[in-house]
Amino acid sequence: MQASNTSRAYGWVARFFHWTVAVLILAAIGLGLYAGSLPRGAQDQMQAVFQAFSIHKTVGVAALVLAVLRILWTLTQRKPRPLHPGRRLESFVAEAVHWALWLGMVIMPLTGWLLHSAAPGVFSRILWPLGQRLPLVPEDAALAERFAGFHETGWWVLAGLIGLHVAGAVKHALIDRDGTMSRMAGPPDRAPEPPPARPALLSHLLAALAALAIWGATAILAVPEADEDAAAPAATAAVASGWAVEQGTLAIEATQAGSPISGRFGKWDAAIDYDPEARAGHVTVKIDIASLELGSVSDSAKGPDFLNAPAHPTATFEADILAEAAGPVARGTLTIAGKTVPAELPFDLAIAGDTATAKGRMQVDRRDFGVGSGYADESTVGFAVGISFDLTAKRQ
(Lines give C-alpha, C1' and ligand atoms only; values in the text may rest on other atoms or scores of the structure.)
Protein backbone atom coordinates (compact mmCIF):
# COMPACT_ATOMS: atom_id res chain seq x y z
CA MET A 1 0.00 0.00 0.00
CA GLN A 2 1.43 3.36 -0.98
CA ALA A 3 1.68 6.36 1.33
CA SER A 4 -0.14 8.85 -0.89
CA ASN A 5 -3.82 8.91 -1.76
CA THR A 6 -5.09 7.86 -5.17
CA SER A 7 -8.26 8.71 -7.02
CA ARG A 8 -9.76 5.46 -5.65
CA ALA A 9 -8.56 5.22 -2.04
CA TYR A 10 -6.60 6.77 0.79
CA GLY A 11 -2.95 5.87 1.36
CA TRP A 12 -1.59 4.34 4.53
CA VAL A 13 -0.52 7.70 6.02
CA ALA A 14 -4.03 9.14 5.81
CA ARG A 15 -5.44 5.88 7.20
CA PHE A 16 -3.01 5.94 10.12
CA PHE A 17 -4.00 9.50 11.01
CA HIS A 18 -7.71 8.80 10.57
CA TRP A 19 -7.94 5.78 12.84
CA THR A 20 -5.38 6.90 15.43
CA VAL A 21 -6.94 10.34 15.90
CA ALA A 22 -10.41 8.75 16.02
CA VAL A 23 -9.36 6.41 18.83
CA LEU A 24 -7.65 9.23 20.78
CA ILE A 25 -10.60 11.61 20.44
CA LEU A 26 -13.09 8.97 21.58
CA ALA A 27 -10.78 8.02 24.45
CA ALA A 28 -10.45 11.67 25.51
CA ILE A 29 -14.23 12.12 25.50
CA GLY A 30 -14.72 8.95 27.52
CA LEU A 31 -12.00 9.89 30.02
CA GLY A 32 -13.42 13.38 30.44
CA LEU A 33 -16.89 12.04 31.18
CA TYR A 34 -15.45 9.43 33.54
CA ALA A 35 -13.35 11.97 35.44
CA GLY A 36 -16.30 14.34 35.74
CA SER A 37 -18.47 11.58 37.19
CA LEU A 38 -16.04 10.52 39.93
CA PRO A 39 -16.99 11.35 43.54
CA ARG A 40 -15.07 14.22 45.12
CA GLY A 41 -14.90 13.89 48.85
CA ALA A 42 -12.14 11.99 50.60
CA GLN A 43 -8.49 12.49 49.77
CA ASP A 44 -8.17 9.21 47.84
CA GLN A 45 -11.22 10.17 45.76
CA MET A 46 -9.67 13.53 44.81
CA GLN A 47 -6.42 11.78 43.89
CA ALA A 48 -8.41 9.55 41.53
CA VAL A 49 -10.03 12.64 39.97
CA PHE A 50 -6.62 14.30 39.48
CA GLN A 51 -5.21 11.16 37.87
CA ALA A 52 -8.18 10.69 35.52
CA PHE A 53 -8.05 14.30 34.35
CA SER A 54 -4.27 14.06 33.86
CA ILE A 55 -4.73 11.10 31.51
CA HIS A 56 -7.61 12.91 29.77
CA LYS A 57 -5.42 15.97 29.15
CA THR A 58 -2.46 13.90 27.99
CA VAL A 59 -4.59 11.97 25.49
CA GLY A 60 -6.11 15.27 24.32
CA VAL A 61 -2.71 16.82 23.64
CA ALA A 62 -1.64 13.71 21.71
CA ALA A 63 -4.84 13.96 19.64
CA LEU A 64 -4.16 17.66 18.99
CA VAL A 65 -0.66 17.02 17.67
CA LEU A 66 -1.77 14.19 15.39
CA ALA A 67 -4.84 16.12 14.19
CA VAL A 68 -2.66 19.05 13.12
CA LEU A 69 -0.30 16.69 11.31
CA ARG A 70 -3.26 15.01 9.65
CA ILE A 71 -4.65 18.30 8.35
CA LEU A 72 -1.24 19.31 7.02
CA TRP A 73 -0.92 15.94 5.27
CA THR A 74 -4.45 16.22 3.87
CA LEU A 75 -3.67 19.63 2.38
CA THR A 76 -0.80 18.08 0.40
CA GLN A 77 -2.86 15.17 -0.94
CA ARG A 78 -5.51 14.75 -3.55
CA LYS A 79 -8.79 13.45 -2.26
CA PRO A 80 -10.33 10.30 -3.79
CA ARG A 81 -13.01 11.30 -6.27
CA PRO A 82 -16.64 11.02 -5.08
CA LEU A 83 -18.40 7.81 -5.96
CA HIS A 84 -21.70 9.64 -6.52
CA PRO A 85 -20.92 13.04 -8.02
CA GLY A 86 -24.57 13.49 -8.94
CA ARG A 87 -25.62 13.51 -5.27
CA ARG A 88 -24.59 17.10 -4.74
CA LEU A 89 -26.43 17.78 -1.48
CA GLU A 90 -25.24 14.53 0.09
CA SER A 91 -21.69 15.23 -1.00
CA PHE A 92 -21.86 18.78 0.37
CA VAL A 93 -23.17 17.65 3.76
CA ALA A 94 -20.54 14.92 3.99
CA GLU A 95 -17.74 17.35 3.20
CA ALA A 96 -19.06 19.95 5.65
CA VAL A 97 -19.14 17.31 8.38
CA HIS A 98 -15.58 16.29 7.48
CA TRP A 99 -14.37 19.89 7.73
CA ALA A 100 -16.20 20.38 11.02
CA LEU A 101 -14.66 17.18 12.38
CA TRP A 102 -11.17 18.28 11.40
CA LEU A 103 -11.69 21.64 13.08
CA GLY A 104 -13.18 19.99 16.16
CA MET A 105 -10.25 17.62 16.47
CA VAL A 106 -8.02 20.70 16.81
CA ILE A 107 -10.35 23.10 18.64
CA MET A 108 -11.46 20.77 21.42
CA PRO A 109 -7.99 19.65 22.61
CA LEU A 110 -6.71 23.19 22.12
CA THR A 111 -9.44 24.78 24.25
CA GLY A 112 -8.76 22.13 26.89
CA TRP A 113 -5.10 23.13 26.90
CA LEU A 114 -6.06 26.82 27.01
CA LEU A 115 -8.31 26.08 29.99
CA HIS A 116 -5.44 24.22 31.66
CA SER A 117 -3.09 27.15 30.95
CA ALA A 118 -5.42 29.92 32.17
CA ALA A 119 -6.61 28.17 35.35
CA PRO A 120 -4.76 29.49 38.43
CA GLY A 121 -2.45 26.87 39.87
CA VAL A 122 -1.92 23.46 38.30
CA PHE A 123 -4.91 21.12 38.30
CA SER A 124 -4.03 17.62 37.06
CA ARG A 125 -0.78 17.90 35.16
CA ILE A 126 -0.27 16.87 31.54
CA LEU A 127 1.87 13.74 31.66
CA TRP A 128 4.80 14.88 29.57
CA PRO A 129 8.05 16.83 30.17
CA LEU A 130 7.43 19.64 27.65
CA GLY A 131 5.76 22.18 29.92
CA GLN A 132 2.24 22.66 31.20
CA ARG A 133 1.09 26.07 29.99
CA LEU A 134 0.79 27.60 26.55
CA PRO A 135 2.81 30.80 26.13
CA LEU A 136 1.07 34.19 26.25
CA VAL A 137 -1.95 32.76 28.13
CA PRO A 138 -2.37 34.61 31.45
CA GLU A 139 -3.45 32.86 34.63
CA ASP A 140 -6.95 34.26 34.96
CA ALA A 141 -9.90 32.52 36.61
CA ALA A 142 -12.50 34.37 34.52
CA LEU A 143 -10.68 33.51 31.28
CA ALA A 144 -10.45 29.87 32.38
CA GLU A 145 -14.22 29.85 32.99
CA ARG A 146 -14.86 31.03 29.41
CA PHE A 147 -12.62 28.30 27.99
CA ALA A 148 -14.36 25.79 30.25
CA GLY A 149 -17.77 26.87 28.95
CA PHE A 150 -16.69 26.25 25.36
CA HIS A 151 -14.95 22.98 26.18
CA GLU A 152 -17.94 21.58 28.06
CA THR A 153 -20.37 22.48 25.26
CA GLY A 154 -18.07 21.72 22.35
CA TRP A 155 -17.75 18.04 23.16
CA TRP A 156 -21.49 17.67 22.52
CA VAL A 157 -20.98 19.23 19.09
CA LEU A 158 -17.99 17.00 18.38
CA ALA A 159 -19.93 13.93 19.53
CA GLY A 160 -22.80 14.89 17.23
CA LEU A 161 -20.42 15.29 14.28
CA ILE A 162 -18.88 11.89 15.01
CA GLY A 163 -22.39 10.42 15.09
CA LEU A 164 -23.20 11.94 11.69
CA HIS A 165 -19.93 10.64 10.25
CA VAL A 166 -20.60 7.12 11.55
CA ALA A 167 -24.20 7.24 10.29
CA GLY A 168 -22.92 8.16 6.84
CA ALA A 169 -20.46 5.28 6.88
CA VAL A 170 -23.21 2.84 7.94
CA LYS A 171 -25.46 4.11 5.14
CA HIS A 172 -22.74 3.49 2.54
CA ALA A 173 -22.02 0.03 3.96
CA LEU A 174 -25.56 -1.28 4.52
CA ILE A 175 -27.82 0.67 2.19
CA ASP A 176 -25.72 1.83 -0.77
CA ARG A 177 -23.28 -1.11 -0.60
CA ASP A 178 -20.97 0.94 -2.79
CA GLY A 179 -17.57 0.03 -1.30
CA THR A 180 -16.97 3.43 0.29
CA MET A 181 -15.56 1.84 3.45
CA SER A 182 -12.84 0.05 1.50
CA ARG A 183 -11.39 3.44 0.54
CA MET A 184 -10.31 3.98 4.18
CA ALA A 185 -10.29 0.47 5.64
CA GLY A 186 -9.94 -2.15 2.92
CA PRO A 187 -7.38 -3.05 0.26
CA PRO A 188 -6.96 -0.02 -2.03
CA ASP A 189 -6.97 -2.18 -5.17
CA ARG A 190 -10.46 -3.43 -4.27
CA ALA A 191 -11.89 0.05 -3.87
CA PRO A 192 -14.40 0.96 -6.60
CA GLU A 193 -13.28 3.15 -9.45
CA PRO A 194 -15.11 6.49 -9.13
CA PRO A 195 -16.63 8.11 -12.21
CA PRO A 196 -14.94 11.18 -13.72
CA ALA A 197 -15.89 14.41 -11.96
CA ARG A 198 -15.00 18.05 -12.43
CA PRO A 199 -13.38 19.87 -9.46
CA ALA A 200 -15.99 21.76 -7.44
CA LEU A 201 -13.96 24.48 -5.77
CA LEU A 202 -17.00 26.53 -4.80
CA SER A 203 -18.61 23.54 -3.10
CA HIS A 204 -15.39 22.84 -1.17
CA LEU A 205 -15.21 26.45 -0.03
CA LEU A 206 -18.86 26.53 1.07
CA ALA A 207 -18.40 23.28 3.01
CA ALA A 208 -15.41 24.74 4.85
CA LEU A 209 -17.39 27.90 5.64
CA ALA A 210 -20.26 25.80 6.95
CA ALA A 211 -17.85 24.01 9.28
CA LEU A 212 -16.51 27.34 10.53
CA ALA A 213 -20.07 28.50 11.13
CA ILE A 214 -20.80 25.41 13.25
CA TRP A 215 -17.90 26.09 15.59
CA GLY A 216 -18.48 29.84 15.55
CA ALA A 217 -22.06 29.28 16.71
CA THR A 218 -20.76 26.91 19.40
CA ALA A 219 -18.43 29.63 20.69
CA ILE A 220 -21.24 32.19 20.80
CA LEU A 221 -23.67 29.89 22.58
CA ALA A 222 -21.19 28.28 24.97
CA VAL A 223 -19.14 31.16 26.34
CA PRO A 224 -21.01 32.91 29.18
CA GLU A 225 -21.51 36.63 29.14
CA ALA A 226 -19.22 38.64 31.35
CA ASP A 227 -20.54 38.98 34.88
CA GLU A 228 -20.62 42.65 35.76
CA ASP A 229 -20.32 41.84 39.45
CA ALA A 230 -17.23 39.73 38.81
CA ALA A 231 -15.71 42.43 36.60
CA ALA A 232 -15.97 44.94 39.45
CA PRO A 233 -15.27 42.86 42.56
CA ALA A 234 -15.34 45.71 45.05
CA ALA A 235 -17.95 46.25 47.73
CA THR A 236 -21.34 45.08 46.49
CA ALA A 237 -23.25 47.89 48.15
CA ALA A 238 -22.65 51.32 49.63
CA VAL A 239 -22.05 51.15 53.37
CA ALA A 240 -22.92 53.61 56.07
CA SER A 241 -19.41 54.08 57.39
CA GLY A 242 -16.60 56.59 57.37
CA TRP A 243 -15.08 55.17 54.18
CA ALA A 244 -16.67 53.44 51.19
CA VAL A 245 -14.73 51.01 49.00
CA GLU A 246 -14.71 52.13 45.37
CA GLN A 247 -12.71 49.28 43.88
CA GLY A 248 -10.63 46.41 45.04
CA THR A 249 -9.85 42.72 45.01
CA LEU A 250 -10.06 40.05 47.67
CA ALA A 251 -7.79 37.16 46.74
CA ILE A 252 -7.09 33.69 48.09
CA GLU A 253 -4.00 31.51 47.70
CA ALA A 254 -3.69 27.82 48.50
CA THR A 255 -1.64 24.77 47.58
CA GLN A 256 -3.07 21.82 45.67
CA ALA A 257 -1.13 18.66 44.92
CA GLY A 258 2.07 20.56 45.78
CA SER A 259 1.38 23.41 43.33
CA PRO A 260 0.17 26.93 44.18
CA ILE A 261 -3.34 27.90 43.14
CA SER A 262 -4.90 31.35 43.43
CA GLY A 263 -8.31 32.90 42.95
CA ARG A 264 -10.60 35.65 44.19
CA PHE A 265 -14.00 36.41 45.67
CA GLY A 266 -16.19 38.32 43.24
CA LYS A 267 -18.64 39.68 45.82
CA TRP A 268 -17.84 41.22 49.19
CA ASP A 269 -18.52 44.41 51.11
CA ALA A 270 -16.59 46.31 53.74
CA ALA A 271 -17.88 48.74 56.37
CA ILE A 272 -14.89 50.87 57.37
CA ASP A 273 -14.75 53.44 60.15
CA TYR A 274 -11.29 54.96 60.46
CA ASP A 275 -9.96 58.21 61.94
CA PRO A 276 -6.63 59.14 60.29
CA GLU A 277 -5.70 61.46 63.14
CA ALA A 278 -6.31 58.90 65.87
CA ARG A 279 -4.99 56.16 63.58
CA ALA A 280 -7.72 53.87 64.87
CA GLY A 281 -11.03 52.49 63.68
CA HIS A 282 -13.11 49.42 62.99
CA VAL A 283 -13.81 47.26 59.92
CA THR A 284 -16.42 44.63 59.12
CA VAL A 285 -16.00 42.62 55.93
CA LYS A 286 -18.65 40.20 54.65
CA ILE A 287 -17.71 37.78 51.88
CA ASP A 288 -20.05 35.88 49.56
CA ILE A 289 -18.52 32.39 49.51
CA ALA A 290 -20.48 31.39 46.38
CA SER A 291 -18.65 34.12 44.43
CA LEU A 292 -15.28 32.35 44.79
CA GLU A 293 -13.40 31.80 41.53
CA LEU A 294 -10.58 29.30 41.99
CA GLY A 295 -9.89 27.98 38.53
CA SER A 296 -10.83 24.39 37.80
CA VAL A 297 -11.53 23.59 41.45
CA SER A 298 -14.01 26.40 42.15
CA ASP A 299 -16.96 24.05 42.65
CA SER A 300 -15.00 21.68 44.88
CA ALA A 301 -13.69 24.56 47.00
CA LYS A 302 -17.24 25.80 47.59
CA GLY A 303 -18.58 22.31 48.21
CA PRO A 304 -19.40 20.54 51.49
CA ASP A 305 -15.88 19.18 52.00
CA PHE A 306 -14.35 22.65 52.06
CA LEU A 307 -16.01 26.08 52.40
CA ASN A 308 -19.54 24.61 52.18
CA ALA A 309 -21.22 27.64 50.60
CA PRO A 310 -24.78 26.20 50.81
CA ALA A 311 -24.57 25.78 54.59
CA HIS A 312 -22.35 28.80 55.32
CA PRO A 313 -22.86 31.32 52.51
CA THR A 314 -21.01 34.20 54.21
CA ALA A 315 -17.58 34.58 55.77
CA THR A 316 -16.99 37.54 58.10
CA PHE A 317 -13.93 39.43 59.25
CA GLU A 318 -14.55 41.87 62.08
CA ALA A 319 -11.66 43.74 63.64
CA ASP A 320 -10.41 46.89 65.31
CA ILE A 321 -7.90 48.93 63.32
CA LEU A 322 -4.87 49.70 65.48
CA ALA A 323 -1.62 51.59 65.00
CA GLU A 324 1.54 49.67 65.83
CA ALA A 325 5.22 50.35 65.35
CA ALA A 326 5.41 48.07 62.31
CA GLY A 327 2.34 49.69 60.73
CA PRO A 328 -1.44 49.49 60.96
CA VAL A 329 -3.07 46.17 61.75
CA ALA A 330 -6.65 44.92 61.86
CA ARG A 331 -7.03 42.61 64.87
CA GLY A 332 -10.23 40.71 65.56
CA THR A 333 -11.99 37.53 64.45
CA LEU A 334 -12.48 35.64 61.20
CA THR A 335 -15.51 33.41 60.68
CA ILE A 336 -15.38 30.78 57.93
CA ALA A 337 -17.66 27.76 57.50
CA GLY A 338 -19.42 28.64 60.74
CA LYS A 339 -16.27 28.65 62.90
CA THR A 340 -14.74 31.80 64.43
CA VAL A 341 -11.06 32.15 65.27
CA PRO A 342 -8.85 35.12 66.25
CA ALA A 343 -7.23 36.78 63.23
CA GLU A 344 -4.72 39.53 62.58
CA LEU A 345 -4.27 41.33 59.28
CA PRO A 346 -1.29 43.71 58.89
CA PHE A 347 -1.62 46.11 55.99
CA ASP A 348 -0.11 49.13 54.25
CA LEU A 349 -2.16 52.33 54.18
CA ALA A 350 -1.76 55.56 52.24
CA ILE A 351 -4.20 58.48 52.48
CA ALA A 352 -4.24 61.44 50.10
CA GLY A 353 -7.08 63.85 50.86
CA ASP A 354 -10.32 61.91 50.81
CA THR A 355 -8.84 58.87 49.06
CA ALA A 356 -7.23 55.93 50.81
CA THR A 357 -5.42 52.95 49.31
CA ALA A 358 -4.68 49.87 51.36
CA LYS A 359 -3.35 46.39 50.81
CA GLY A 360 -2.42 43.55 53.09
CA ARG A 361 -2.18 39.82 53.56
CA MET A 362 -2.70 37.25 56.28
CA GLN A 363 -2.27 33.51 56.43
CA VAL A 364 -4.65 31.09 58.10
CA ASP A 365 -4.73 27.35 58.68
CA ARG A 366 -7.73 25.67 57.04
CA ARG A 367 -7.84 23.09 59.85
CA ASP A 368 -8.80 25.82 62.34
CA PHE A 369 -12.10 26.19 60.48
CA GLY A 370 -12.69 22.51 59.81
CA VAL A 371 -12.18 23.14 56.10
CA GLY A 372 -11.05 20.04 54.21
CA SER A 373 -11.09 17.96 57.38
CA GLY A 374 -11.03 14.79 55.28
CA TYR A 375 -7.58 15.77 53.95
CA ALA A 376 -5.38 14.92 56.91
CA ASP A 377 -2.07 15.68 55.18
CA GLU A 378 -0.85 18.19 52.62
CA SER A 379 -0.25 15.83 49.70
CA THR A 380 -3.52 16.95 48.10
CA VAL A 381 -4.47 20.24 49.79
CA GLY A 382 -2.07 22.37 51.85
CA PHE A 383 -2.91 23.53 55.36
CA ALA A 384 -1.86 27.18 54.87
CA VAL A 385 -4.20 29.52 53.02
CA GLY A 386 -3.28 33.11 52.16
CA ILE A 387 -5.93 35.85 52.10
CA SER A 388 -5.01 39.22 50.62
CA PHE A 389 -6.75 42.44 49.65
CA ASP A 390 -5.98 45.56 47.64
CA LEU A 391 -8.53 48.40 47.66
CA THR A 392 -9.24 52.07 47.15
CA ALA A 393 -11.76 53.82 49.39
CA LYS A 394 -13.32 57.31 49.56
CA ARG A 395 -14.11 59.28 52.71
CA GLN A 396 -17.86 59.77 53.14
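Reader: Is Leu 75 buried or exposed?

Author: Leu 75 is exposed in this predicted model. Its relative accessible area is 62%, and exposed means over 50%.

Reader: Which helix does Leu 75 lie in?

Author: Leu 75 belongs to helix α2, residues 43-75.

Reader: What does Leu 75 form on the surface, and with which residues?

Author: A nonpolar patch. Leu 75 shares that patch with Val 65, Val 68, Leu 69 and Leu 72. Together they have about 440 Å² of accessible area.

Reader: Ser 54 lies in α2 too, right? Buried or exposed?

Author: Ser 54 lies in helix α2. Ser 54 counts as buried, because its relative accessibility is 8% and the cut-off for buried is under 20%.

Reader: What does the Ser 54 side chain have for a polar partner?

Author: The backbone oxygen of Arg 125. A polar atom of the Ser 54 side chain lies 2.9 Å from that oxygen.

Reader: And which residues does Ser 54 touch?

Author: Setting aside residues up to four places away in sequence, Ser 54 touches Ser 124, Arg 125 and Leu 127. So Arg 125 turns up both as a touching residue and as the source of that backbone oxygen.

Reader: Switching to Ile 29. Where is Ile 29 found?

Author: Ile 29 is in helix α1, residues 12-37. Ile 29 counts as buried, at 18% relative accessibility.

Reader: Which residues is Ile 29 in contact with?

Author: Trp 155, Leu 158 and Ile 162, leaving aside neighbours within four places in sequence.

Reader: How many residues apart are Ile 29 and Ala 323, and what is that in space?

Author: They are 294 residues apart in sequence. In space they are 57 Å apart, C-alpha to C-alpha.

Reader: Now Arg 183. Where is the place of Arg 183?

Author: Arg 183 sits in the loop between α4 (141-176) and α5 (201-222).

Reader: Which side chain of opposite charge is nearest to Arg 183?

Author: Asp 178, and it is 7.9 Å away. Arg 183 is buried, yet has no salt bridge. The cut-off for a salt bridge is within 4 Å, so Asp 178 does not qualify.

Reader: What lies 2.3 Å from a polar atom of the Arg 183 side chain?

Author: The backbone oxygen of Arg 81.

Reader: What else is Arg 183 in contact with?

Author: Leaving aside neighbours within four places in sequence, the contacts include Ser 7, Arg 8, Ala 9, Tyr 10 and Arg 15. Pro 80, Arg 81, Pro 82 and Leu 83 are also among them. So are Ala 191 and Pro 194.

Reader: On to salt bridges. How many in the count?

Author: The count comes to 13 salt bridges. One of them pairs Arg 87 with Asp 176, at 3.3 Å, N to O.

Reader: Which parts does the Arg 87 and Asp 176 pair tie together?

Author: Arg 87 is in the loop between α2 and α3 (88-118), and Asp 176 is in helix α4. So the pair ties together parts that are 89 residues apart in sequence.

Reader: What are the relative accessibilities of Arg 87 and Asp 176?

Author: Arg 87 is partly exposed at 32%. Asp 176 is partly exposed too, at 22%.

Reader: What about Glu 344 and Arg 331?

Author: Their side chains meet in a salt bridge of 2.7 Å, N to O. Glu 344 lies in strand β8 (residues 339-352) and Arg 331 in strand β7 (residues 327-336), so the pair ties together parts that are 13 residues apart in sequence. Glu 344 counts as partly exposed at 42%. Arg 331 counts as partly exposed at 33%.

Reader: Which residues do salt bridges with shared partners join into one network?

Author: Arg 87, Glu 90, Lys 171 and Asp 176.

Reader: And what does Arg 367 form a salt bridge with?

Author: Asp 365. The closest N and O atoms are 2.7 Å apart. Arg 367 is partly exposed, with a relative accessible area of 49%.

Reader: Last topic, backbone angles. What is phi of Arg 279 near?

Author: Phi of Arg 279 is near 55 degrees, which is positive in a residue other than glycine. Arg 279 lies in the loop between β3 (268-275) and β4 (280-288). Arg 279 is partly exposed, at 46%.

Reader: And where does Asn 308 lie?

Author: In the loop between α7 (298-302) and β6 (314-324). Phi of Asn 308 is near 55 degrees, again a positive value in a residue other than glycine.

How values were computed: Residues numbered from 1 in each chain as written. Predicted model: local features only at pLDDT ≥ 70, side-chain atom pairs only at ≥ 80, totals over all residues. Heavy atoms only, no water. Helix = DSSP H or I, 4+ residues; strand = E, 2+ residues; numbered from the N terminus. Buried < 20%, exposed > 50% of the residue type's maximum accessible area, 1.4 Å probe, protein only. Lys, Arg positive; Asp, Glu negative; His and termini not counted. Polar contact = N/O pair within 3.5 Å; in protein donor to acceptor, adjacent residues only side chain to side chain. Contact = heavy atoms within 4.5 Å. Patch = residues over 30% accessible without salt bridge, like charges linked within 9 Å, V, L, I, M, F, W, Y side chains within 5 Å. Areas by Shrake-Rupley, 256 points an atom, 1.4 Å probe, with all protein chains shown as cover.
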